[in-house]
Amino acid sequence: MFASLILLAILIPALGGVLIRRLSADPKTQEKLSLAFLAFGAACALMSLLTSPDAPFVLLTLGDSVRVEFALDAMNRFYLAFVPLVWLGVGVYALEYVEHDENPALFWRYYLLSFAALAGLSASANLITLYMFYEMMTLCTVPLVAYNRDGQAVAAAGKYLLYSVFGAS
């Protein structure tokens, strides 16, 4: 049960982020669809907290010792509860933020992708999985930092990317 819920918490928002522009050209419909994908992913993440996995869920094994795996310990449970609640609240607030923007689908795409990366990051069971989802989160949030597309926002996004990539290596 934990395996399917955590996978849905990651894959549904990611799929929504990738497909949001193709599903509708109407900005209001995009907002509603984005919040629906976000709410579904958040519900799956929160429901996964009700499960008690006996062992980590191994999604992928590369070689003998490199595994992408998910588990729930006390810290993972805290973040897996915190992230969806914050992302839902900010998503509702963002409706007004992107209301008059010329390309709200771009915002919702990276907002949903960053939620998917944070859901994976919150449930990671080892450093390989943690690092993989941390880098995904970094790459998905850079466009959000640069979203205003003015010189200051683009410069801040460049610094953020530089600090994140070189700070993680």
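Hi everyone, let me start with one residue: threonine 138 sits in helix H5, which covers residues 127-145. Please keep in mind that this is a predicted model. Is threonine 138 buried or exposed? Threonine 138 has a relative accessible area of 0%, and because buried means under 20%, this residue counts as buried. Leaving aside residues up to four places away in sequence, threonine 138 touches Tyr160, Leu161 and Ser164.

Now look at the next residue along. Leucine 139 also lies in helix H5, but leucine 139 counts as exposed, at 54% relative accessibility. Leucine 139 is 22 residues from leucine 161 in sequence, and their C-alpha atoms are 7.6 Å apart in space. Leu161, you'll remember, is also one of the residues that threonine 138 touches.

Let's step back to the whole chain. It has 6 helices and 2 strands. How do the elements run from the N terminus on? The order is α-α-β-β-α-α-α-α. The radius of gyration is 16 Å, close to the 15 Å that the globule rule gives for 169 residues, so the chain is as compact as a globular protein of that length. If you prefer dimensions, the C-alpha trace spans about 50 × 35 × 25 Å along its principal axes. Buried residues make up 42% of the 169 residues. And of the contacts with a separation of 6 or more, 72% are between residues 24 or more positions apart.

On to how the helices pack, and I'll begin with H1 and H2. Helix H1 is residues 2-23, and its axis comes within 7 Å of the axis of H2, crossing at roughly 170°. That angle makes H1 roughly antiparallel to H2. On the H1 side, the residues that meet H2 include Phe2, Leu5, Ile12 and Leu23. On the H2 side, Leu33, Phe37, Phe40 and Met47 are among them. By class, this contact has 15 nonpolar, 5 polar and 1 charged residues.

H1 has another partner, helix H4, residues 104-122. Here the axes come within 8 Å and cross at roughly 165°. So H1 is roughly antiparallel to H4, and the crossing is left-handed. Among the H1 residues in this contact are Ile10, Ala14 and Val18, and they have company from H4 that includes Leu106, Leu112, Phe115 and Ala119. The residues of this contact divide into 14 nonpolar, 3 polar and 2 charged. If you have the model open, look for Ile6 and Ala9 of H1: they are listed in the contact with H2, and they are listed in the contact with H4 too.

My last pair is H2, residues 27-48, and H3, residues 74-97. What angle do they pack at? It is about 165°, with the axes 9 Å apart. H2 and H3 are therefore roughly antiparallel to each other, and H2 passes H3 in a left-handed crossing. From H2, the contact includes Glu31, Leu35, Leu38 and Ala42. From H3, it includes Leu80, Pro84, Trp87 and Leu88. The class count is 14 nonpolar, 2 polar and 1 charged residues.

One residue to find before we finish is Ala45 of H2, which takes part in the contact with H1 and also in the contact with H3. Thanks for listening!

Key: Residues numbered from 1 in each chain as written. Predicted model: local features only at pLDDT ≥ 70, side-chain atom pairs only at ≥ 80, totals over all residues. Heavy atoms only, no water. Helix = DSSP H or I, 4+ residues; strand = E, 2+ residues; numbered from the N terminus. Buried < 20%, exposed > 50% of the residue type's maximum accessible area, 1.4 Å probe, protein only. Contact = heavy atoms within 4.5 Å. Axes fitted to C-alpha atoms, helices over the stretch in contact; angles between N-to-C directions. Parallel < 35°, antiparallel > 145°, perpendicular 65-115°, else oblique. Left-handed = near helix turned anticlockwise from the far one by under 90°. Nonpolar A, V, L, I, M, F, W, Y, C, P; charged D, E, K, R; others polar. Rg over C-alpha atoms; globule rule 2.2 N^0.38 Å.
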